[in-house]
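Got your viewer open and a free hand for clicking? Let's walk through this model together, one selection at a time.

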Amino acid sequence: MVLSLVLSACAGAAGDRKESGGLKSVTAVGGGASMSYAVPQLLKTMEFDKKHGLDLDYTGSGTSSTNMVAAVLSGDADFAFPASTTALDAIEEGGDLVIVASALKAASILGVSTEVAKKKGVSADAPVKERIAALKGLKVATSPEGSGNNALFRMIVSAAGLDPDKDLEVIGVQEPSAIVSGIKQGQFDAGFYGSGVIEANIAAGEAELWLSTARGDVDELIGEQMGMVMVTSKRLAEAEPELVSAMFDAVVETERTIADDPKRAGQELQKAWFADLDQKIYDVAWREAQHAYPSDGRFTKKQFQTLLDMLAAAGKKYTINYDDVVYDRAVG
């Protein structure tokens with residue numbers, strides 16, 4: 001699917017960029033309804049784009065990283081915030097992409113139905129591998145195939161010795177709310193998603209917090225994962241280097257604000273993106289999520305290699321070179 005998108009991508013030249021009030025217009029696509037996208041959401045909400053001479057039109061909807069990458073390849077968007085695995089897949093298949101900045105470490109949680117957990121007889125405090133082994137035979141809902149959460153969950157399960165295609169049923173769901181209702185109604189045995197979704201089931205007593213990547217539950221299994229990156233096309237990077245540099249600076253300032261003043265960042269994020277979420281659920285979600293954002297935009301060579309090693313273990317082989325695909329200011 002990614003290959004077909006790459007082959008059908010149009011030239012997408014930078015063209016004439018609109019300017020108004022000294023600000024350059026720029027477009028970016030990401031996801032919504034999840035704290036996984038807090039960096040691009042806050043970048044726009046807190047107007048860090050304007051501080052760096054940009055007027056960002058950010059579209060946050062859906063969770064398909066494949067669609068986000070396609071938007072950049074087709075020239076419909078200047079930047080995108082896809083799962084790092086999807087970005088690497090597209091580049092390996094010949095996609096005209098460059099990774100401009102890191103945007104999220106792994107920041108998802110796994111919630112298992114309280115009833116199912118009791119039947120399994122495994123405690124939520126048991127060793128991580130035991131908790132993952134208890135997933136055998138379960139229906140686990142997550143985001144659609146090609147998205148960051150889906151790929152990350154499969155990595156975790158595989159690293160613990162289970163086959164995500166044979167030992168359990170991984171169900172891709174487009175709308176996060178459907179995962180919450182599915183767990184509540186017994187349609188799904190568990191759900192894996194970014195912070196701010198399954199906490200609703202946990203707060204209601206319908207699910208137990210089984211795994212949290214933000215608190216480091218799976219670091220020993222898969223290492224520190226960079227779950228999301230910001231990408232642009234190589235064509236745009238070459239044609240408008242100042243624009244790319246400005247977006248990198250805006251991302252870094254957003255990340256530093258989260259690190260230095262998480263209370264303020266959390267309040268701004270809640271007001272703009274999670275106003276209808278129950279306060280208790282939001283507080284729990286933000287406590288988990290705020291530690292999962294980078295603070296300097298760097299996508300290090302070690303993080304790059306960790307991803308390639310994990311993907312190789314899942315049967316994928318890559319020939320891409322770090323220095324060829326990572327923006328020079330993001331190298332670390």
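Start by selecting helix 8, which supplies five residues to the lining of the largest cavity, the largest share of that lining. Keep in mind as you click around that this is a predicted model. The search of the whole structure turns up one cavity of 30 Å³ or more, and the space in this largest cavity comes to about 250 Å³. To find its centre, pick Ala83, Leu104, Gly148, Asn149 and Gly227, the closest to that point among the 26 residues that line the cavity.

Now add helix 5 (84-92), strand 5 (97-105) and strand 11 (226-233) to your selection: like helix 8, each supplies at least two residues of the lining. Try colouring the lining by class, and you get 12 nonpolar, 13 polar and one charged residues.

**Next stop: the sheet**

Show five strands in the order 8-7-9-6-10, and you have an open sheet with mixed pairing. Its edges are strand 8 (169-172) and strand 10 (207-212), each of which pairs on one side only. Ignoring direction, neighbouring strands here are turned against each other by 25° on average. Bring back helix 8 (residues 148-159), because you'll want to see how it sits here: helix 8 packs on the sheet and touches strand 6, strand 7 (139-142), strand 8, strand 9 and strand 10. The direction of helix 8 makes about 120° with that of strand 9.

Zoom in on strand 6 (residues 108-113). Five bridges join strand 6 to strand 9 (residues 190-194), and the two run antiparallel. Click on valine 112 and look across to strand 9: which residue is its bridge partner there? That's alanine 190. Now look towards strand 10, which also pairs with strand 6 in the antiparallel sense, over five bridges. On that side, leucine 110 stands opposite leucine 211.

Are the residues of strand 6 buried or exposed? Six of its six residues are buried. In a regular strand, side chains alternate between the two faces of the sheet. For strand 6, Ser108, Leu110 and Val112 lie on one side, and Ile109, Gly111 and Ser113 on the other, with both faces covered.

**Two enclosed helices**

Select helix 2 (residues 38-45). Six of its eight residues are buried, so this helix is largely enclosed by the rest of the structure. The buried ones to highlight are Ala38, Val39, Pro40, Gln41, Leu42 and Leu43. What do they pack against? Show helix 3, strand 3, strand 5, helix 13 (241-260) and helix 14 (262-273), and you'll have their partners on screen. Following helix 2 is glutamate 47, which has a positive phi near 60°.

Then jump to helix 4 (residues 65-73). Here eight of the nine residues are buried, so helix 4 is also largely enclosed by the rest of the structure. Light up Ser65, Thr66, Met68, Val69, Ala70, Ala71, Val72 and Leu73 to see the buried set. Just after this helix, click on glycine 75, where phi is positive at about 85°.

**A glycine in a loop**

Now find glycine 53, in the loop between helix 3 (48-51) and strand 3 (54-60). Its relative accessibility is 23%, so it counts as partly exposed. Which residues does glycine 53 contact, once you leave aside its neighbours within four places in sequence? Select Gly22, Leu23 and Lys24 to see them. For a ruler exercise, draw a line from the C-alpha atom of glycine 53 to that of leucine 236: the two are 183 residues apart along the chain, and the separation is 17 Å.

**Last stop: a pocket**

Finish at the second largest pocket, which holds about 190 Å³ of space. To outline it, select Ala33, Pro176, Ser177, Val180, Gly196, Val197, Ala200, Trp273, Phe274, Asp276 and Leu277. Which helix gives the most to this lining? Colour helix 9 (residues 176-184) to see the answer: it provides three residues. By class, the pocket lining divides into eight nonpolar, two polar and one charged.

Terms used:
Residues are numbered from 1 along each chain as its sequence is written. This is a predicted model: local features need pLDDT of at least 70, side-chain atom pairs count only at pLDDT 80 or more; totals for chains, interfaces and linings use all residues. Side-chain values use heavy atoms; hydrogens and water are left out. On a 1 Å grid over the protein atoms alone, a cavity is a set of points where a 1.4 Å probe fits but cannot get out, and a pocket is an open set with protein on both sides within 12 Å along at least five of seven lines; lining residues have an atom within 4 Å of a point. Grid points are joined across faces, edges and corners, and a volume is the space filled by probe spheres set on the points. Helices (H or I, at least four residues) and strands (E, at least two) are DSSP runs, numbered from the N terminus. Ala, Val, Leu, Ile, Met, Phe, Trp, Tyr, Cys and Pro count as nonpolar, Asp, Glu, Lys and Arg as charged, and the others, Gly among them, as polar. Two strands pair if DSSP finds at least two bridges between them. Axes are lines fitted to C-alpha atoms, for helices over the stretch in contact, and angles run from 0 to 180 degrees between N-to-C directions. Contact means heavy atoms within 4.5 Å. Buried means under 20% relative accessible area, exposed over 50%, partly exposed in between (1.4 Å probe, protein chains only).
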